[in-house]
Amino acid sequence: MPEFTQSVVDLIDEFAKLPGIGKKSAERLAYHVLRVHRTEALALADAIRNVKENVRYCSRCYNLSEAEVCEICRDPKRQQEVLCVVEQPRDLMALEQSGVYQGLYHVLLGRIAPLEGIGPAQLTLDALAERVRRGSFREVIMATNPTVEGDSTALHISNLLADLPIQITRLARGITTGSVLEFANKEILADALTGRQEF
Ligand SMILES: [Zn+2]
């Protein structure tokens, strides 16, 4: 029985590690790479290398950035006194695409999920508390996902910031409970932001 060469086996193994990719799909992707022009295949390799070498987390808000501080944090036109707390950079992108939010962000890089062993210490909560304590924010908007875990993360944060003279709000429930920010459409996100309520 013919076998793949070691290089092909390695490529299939790497593809099979990707989320949602099974053995069969991994083989299909490997065949695709073998078939396409060298330039195209190497462009994929370069894109992966560039992302890993150039993209990091913003030192202020933990958004993805190619500089020490991200574009949003550097933009003087953003409202400096409103801070929106999201779980992941992709949630930040979804809110940006809604086009209604003009303030700053803080990305938690996760949510409190005891069943998965993710506690407050694994998130960027210390940095958030420090930022709010030192900054001149008048409002912190909780834009964690409307799931049990997102809600309990928001509650944890509101307790963390309870002694500070700021208003804490939560996105309105335009988004169906259990759905995720990144999949909500622009209009719904815009409504959820405009209709935000006291936490
Ligand atoms: Zn930033």
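This is a short tour of a predicted model, with suggestions for what to select at each stop.

**Stop 1: the zinc ion**

Start by selecting the zinc ion together with C58, C61, C70 and C73. The SG atoms of these four residues coordinate the zinc ion at 2.3 Å. Now look at how the donors are arranged: the angles among the four donor atoms run from 105 to 115°, and the site is tetrahedral. For comparison, the ideal angle for four tetrahedral donors is 109.5 degrees. Next, find the donor residues in the sequence, where their spacing reads C-x2-C-x8-C-x2-C. Are C58 and C61 buried or exposed? Both C58 and C61 are buried.

**Stop 2: helix α2**

Select residues 23–35 to show helix α2, and pick out L34 within it. L34 has 52% relative accessibility, so it counts as exposed. Add F4 and Y31 to your selection: with L34, they make a nonpolar surface patch of about 300 Å².

Stay in the helix and select K24 and E27. These two residues form a salt bridge, and their closest N and O atoms are 3.5 Å apart. Why are they about one helical turn apart? Because E27 and K24 are three residues apart in helix α2. Try showing the surface here: E27 is buried, with a relative accessible area of 16%, whereas K24 is exposed, with 61%.

**Stop 3: R170 and D151**

Now select R170 and D151, which form a salt bridge with the closest N and O atoms 2.5 Å apart. R170 sits in strand β6 (residues 167–170) and D151 in helix α7 (residues 148–160), so this pair ties together parts that are 19 residues apart in sequence. R170 is buried, at 9% relative accessible area, while D151 is partly exposed, at 28%.

**Stop 4: a salt-bridge network**

Move on to R196 and E139, whose side chains meet in a salt bridge of 2.6 Å, N to O. R196 is in the loop between α8 (186–194) and β7 (197–198), and E139 is in strand β5 (residues 139–142), so the pair ties together parts that are 57 residues apart in sequence. With 4% relative accessibility, E139 counts as buried; R196, at 29%, counts as partly exposed.

Finally, add E81 and R138 to the selection. Together with E139 and R196, they are linked in a network of salt bridges. How many salt bridges does a search of the whole structure find? The search finds 11, and the pairs on this tour are among them.

Note on methods: Residues numbered from 1 in each chain as written. Predicted model: local features only at pLDDT ≥ 70, side-chain atom pairs only at ≥ 80, totals over all residues. Heavy atoms only, no water. Patch = residues over 30% accessible without salt bridge, like charges linked within 9 Å, V, L, I, M, F, W, Y side chains within 5 Å. Areas by Shrake-Rupley, 256 points an atom, 1.4 Å probe, with all protein chains shown as cover. Salt bridge = Lys/Arg side-chain N within 4 Å of Asp/Glu carboxyl O. Helix = DSSP H or I, 4+ residues; strand = E, 2+ residues; numbered from the N terminus. Buried < 20%, exposed > 50% of the residue type's maximum accessible area, 1.4 Å probe, protein only. Donors = N, O, S within 2.8 Å, 3.2 Å for Na, K, Ca; no water. Tetrahedral: all angles 85-135°; square planar, octahedral: opposite > 155°, others 65-115°.
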